[in-house]
Amino acid sequence: MVIMAPHRSLRLLLASAVAASALITGLATASPARAADTDGDGKAGKPGKRVLTIAVAQSVDSLSPFLAQRLVSTTLHRLTYEYLTNYDVKDGRTIPGLATAWKSSPDKLTWTYTIRSDSRWSDGKRATAEDAAWTFNKMMTDENAATANGSFTANFEKVTAPDPRTLVIELKKPQATMTALDVPIVPKHMWEKVRDFSTYNNDERFPIVGNGPFVITAYKVDQFVKLKPNKHFWRGAPKFDELVLMYYKDGDAAVAALRKGEVSFVPNLTPAQAASLRSDPDIKVNDAPGRRFFALATNPGARSKDGKKFGTGHPALLDPAVRRALFLAVDRKAIVDKVFQGHAVEGEGYIPPRFDRYFWKPQGAQRLAHDPEKAARTLDRAGYRLNGAGKRVGEDGRPLDFRILCHATDPNDKAVGRYLQEWWGKLGIGLRVDCLDNVSDPWLKGDYDLAFDGWSVNPDPDFVLSIHTCAALPATPKDTGATDNFICDKRYDELYARQSAEYDPVKRADLVRQLQSRLYDTGYMNVMVYPNAVEAYRTDHIGSIRTMPEAAGNLWGQDGYWSWWSAEPAATGRSEDSGSSTTLWVVLGPVALILLAVGAWTAVRRRKTADDRE
């Protein structure tokens, strides 16, 4: 053992203390700037940045409002672009958005909108009627720009902007959705440079110019989307300094992150996850009637507008008797009780009961109640008999072995898939559950038999009705249409056209119910349940936030930007300023400083590694 002289030991100790003090002082002043440098635009943010982080499982399909259809993507567009009108947070009625007022001609064929004067794009330029006119005209003249929302403009004859505050839309025939055009208005001066709308995903240049409450500043596929407040937003900037959508493929990992305070909010909780969070004093669970349906979609034979058929759908599913038998064997009450554990309502019609004006459910003999024996008789009468091995086969000898597309990130898909295997197996029908990270590719190619399906319904249901029309089919097998499931039914199309042109709310609601009845009878879209919106947030991160509707409403996936725009940080909220006053270090002894210096050095190393992974 070598024993150091006391004076040498003291010099080393003092030197270490000085070095530690310098290091800690540096961290205290430098760390906040580094933590705040997360805007994605290369500019340092302010110390103590208040960040609201949302855990999401769904991948962004596109940051282009002309292409995006997934809920996470359309939610982003609600936050970053204004629509002509909005929906009131209290009750969903139409209120002003980019337009402050609107009126129609006596024949309902010309609509004039007054564009607000206080809306500015995030780059400081004024948002005008010319931007709205350009957006709609691009959708009218470029079928690729009409991919996501073309049903709203298909009936437009002409769109003009006589002056910056006046937008005029002329129609071919009356259209009932003129106060509910759910189309993001984009800045002409940015988008007129785009050459190919079929491939442009709006993810090449940040920040993305918009006029909503937030601005997208950074994006990495299946990792995160970062947004900052739009200081020009006419309602006032959001209260949080940054909004982050963080991707979690595994729901349990997202819940664990919520417990640790790594995220502020988690949507789409399973019953078990929600139950486990209720005892945490810093977490609030919100359980409210949802605006989504959870359905069983059947491939009707994929085809395009040019008449070409494609895909590998099982031909037996073109037989109404087979589709009817399959749904007769589905125990929807069991799905509510066992899979959703009561956090859902048994499915009936296409539109959830939350929208009571349009809600419909089958009555009497039309209703396909759970009846496995009747399902077996239906198959027998249709010529699908059990063979010696207990398998159902058609007259051609081909067994009824089906595939169902399942979202790998959705535990409900997997759980219901297991029940379907059991219920249909008793009929002699085989089922392979294909759980994929990306179901879109086989779906668009028609390479599926059945699929778990679901959409969020707006207060005006026109869009979710339009995706089952013949007009929504892709132009050719190589194109992407707005269709959900390749349904093309003449009777359905006739009813859709009538409701779209009906201004009387009572008569239109009746036509919408007839549409749902027709869709139900085709057997191509069978709604199993209406899931509740089960979600949770940290109350030590979020002090207040608005649900929609205000009474028993949801936070994630609203018909507007109300939740995240209104959210206010908690008094002791989370921030990215982890630095501390250097005064604290002055009172610490030299040995403690040495230990803290080692700890600080280790923390810096850990953080760098984490940043590298991101």
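Thr-110 stands opposite Glu-170 in strand 7, and that's a handy spot to start looking around this predicted model. Strand 5 (residues 110-115) is joined to strand 7 (residues 166-171) by 5 bridges, and the two run antiparallel.

Now zoom out a bit. Strands 5 and 7 belong to an open sheet of 4 strands in the order 4-5-7-6, with antiparallel pairing. At the edges you'll find strand 4 (99-104) and strand 6 (156-163), each paired on one side only. On average, neighbouring strands of this sheet are turned by 20° against each other, direction ignored. Helix 3 (residues 129-141) lies across strands 5, 6 and 7, running at about 160° to strand 6.

Next, the aromatic rings. The structure holds 23 aromatic pairs. Here are two of them:

| Pair | Centre distance | Plane angle | Type |
|---|---|---|---|
| Phe-233 and Trp-234 | 6.0 Å | 55° | tilted |
| Phe-294 and Phe-452 | 5.7 Å | 5° | stacked |

Phe-294 sits in strand 13 (residues 294-298) and Phe-452 in strand 19 (residues 450-453), so their pair ties together parts that are 158 residues apart in sequence. Phe-294 is buried at 7% relative accessibility, and Phe-452 is buried at 1%. In the tilted pair, Phe-233 is buried, with a relative accessible area of 4%, while Trp-234 counts as partly exposed at 22%.

Trp-234 has another partner too: the charged end of Arg-116 sits over its ring, 3.3 Å from the centre. Likewise, the charged end of Lys-108 sits over the ring of Tyr-503, 5.2 Å from its centre. Finally, look for one aromatic cluster formed by Phe-66, Trp-134, Trp-191, Phe-197 and Tyr-200.

Conventions: Residues are numbered from 1 along each chain as its sequence is written. This is a predicted model: local features need pLDDT of at least 70, side-chain atom pairs count only at pLDDT 80 or more; totals for chains, interfaces and linings use all residues. Side-chain values use heavy atoms; hydrogens and water are left out. Two strands pair if DSSP finds at least two bridges between them. Axes are lines fitted to C-alpha atoms, for helices over the stretch in contact, and angles run from 0 to 180 degrees between N-to-C directions. Contact means heavy atoms within 4.5 Å. Rings of Phe, Tyr and Trp (its six-membered ring) pair if their centres lie within 6.5 Å; planes under 30 degrees apart count as stacked, over 60 as edge-to-face and the rest as tilted. Buried means under 20% relative accessible area, exposed over 50%, partly exposed in between (1.4 Å probe, protein chains only). A charge sits over a ring if NZ of Lys or CZ of Arg is within 6 Å of the ring centre and within 35 degrees of the ring normal.
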